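User: Please take me through the reasoning behind some of the labels used for this model, setting each value against its definition.

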Amino acid sequence: MRQTTPRLTALMLTLLVIEFVDEFVYGAREAAWPLIRDDLGLSYIQVGILLSAPNLVANVVEPFLVILGDVWRRRALILGGGVVFGVALLLTAVSNSFSLILAAFILFHPASGAFVSLSQATLMDAEPKRHEHNMARWTLAGSLGVVLGALALGAGAAAGVGWRWLFVATAIATVAVIVFAVRMPLGGASSARQAEPFTAAFGRGLVGALRSFKRLPVLRWLVLLEFSDMMLDGLHGYLALYFVDVVGVSEAKAALGLAVWTGVGLAGDVLLIPLLERVRGLTYLRFSVVAELILFPTFLLVPGLGPKLAVVAMLGFANAGWYSILQGQLYSTMPGQSGTALAVKNISGIAGSLIPLGIGAAARAWGLGGAIWLLLAGPIVLLVGVPRAKKDPPRL
């Protein structure tokens, strides 16, 4: 029977709170796009740049940070990243131009890599034999943050207080999380190697990351992760704008649509945790991909806000667990290399980070209603690439 110590439980809760705060910011920001767009006078191309450029920079910078998290001082990187994370939130709150908010987002994303991604790696190191299960818990914490962030933004929009206050409040909450995290054992697998010279440790970690790209199982999960994200963060980034510009509803109702999508996804994440104790994750994933291939075109074609909200709720439920299962498979393919697994994911994500910009460019040419169909490529690739299970592995 599986048992956890109070110290391990406290560590896991701290790491999950860090993920919650990060995704709360994300949920609020994605719901706020119509408000940010109107406040700063942004075009679709500028929105695409804001969605793509920070991810591109992060995917270049983060591999170095997370490799250091495997071979050097992970604790210092997590806490330092948290400080920069809070500063970036304040800079976002005071942004009054495209260039300033772009700078804030570019600062925010690598900071999140150090603060949040290395926290995820630490969670994976805490229980190496339960990657899928703890990734499901991680995703649940994030989904809760996304839902509450969208709801908080919607409430603020309905009350007429704007979007900036939410970033100030989250920056204050980040400080409280950092104060609590200082007392936690955040060293991870790197703790035993901190005596090794910095250059030697980093060089060894970088070589290990590059060698991982020669392994076909690693490449499989990297490709599937990038394409799965088209129906996760890719859809999330444009969903509020879709409701406003294509469906023709207000910003507050668009935030409600986003909250419905993420809220039902949250329910799916809750149910996924006990489900993974009984069903192999990849078996569930194949069925959910088929459902998504049916639901997404239905969502785009059905007329009216009410029917679209009903279908988008089913969409959110169907893609629950995609990230946690695929990322858990990547961690399991690279045992003892949690930071390196994150590094190769960031490197592979350089191409994927350009997808939102491509959608923005397509929306400028065809309209957002036509461009959003491109996201259907995600579940198509998953349907082809997810391996069929010969038998279920034994459950712990």
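Analyst: A patch is made of residues with over 30% relative accessible area and no salt bridge, where nonpolar side chains (Val, Leu, Ile, Met, Phe, Trp, Tyr) are joined within 5 Å and like charges within 9 Å; a salt bridge is a side-chain nitrogen of Lys or Arg within 4 Å of a carboxyl oxygen of Asp or Glu. This is a predicted model, in which local features need pLDDT of at least 70 and side-chain atom pairs count only at pLDDT 80 or more, while totals for chains, interfaces and linings use all residues. Residues are numbered from 1 along each chain, and side-chain values use heavy atoms, with hydrogens and water left out.

User: Which residues form the nonpolar patch on the surface?

Analyst: Val83, Val84, Val87 and Leu107 form it, with about 280 Å² of accessible area together (Shrake-Rupley method, 1.4 Å probe, only the protein chains shown counting as cover for residues). Helix α3 (residues 74-93) provides the largest share, three residues, whereas Leu107 lies in helix α4 (residues 98-126).

User: Why is Leu107 called partly exposed?

Analyst: Buried means under 20% relative accessible area and exposed over 50%, with partly exposed in between; Leu107 has 33% relative accessibility, and therefore counts as partly exposed.

User: What makes Met124 buried?

Analyst: Met124, also found in helix α4, has 1% relative accessibility and therefore counts as buried. Leaving out residues up to four places away in sequence, Met124 touches His131, Asn134, Met135 and Tyr331, contact meaning heavy atoms within 4.5 Å.

Key:
Helices (H or I, at least four residues) and strands (E, at least two) are DSSP runs, numbered from the N terminus. Buried means under 20% relative accessible area, exposed over 50%, partly exposed in between (1.4 Å probe, protein chains only).
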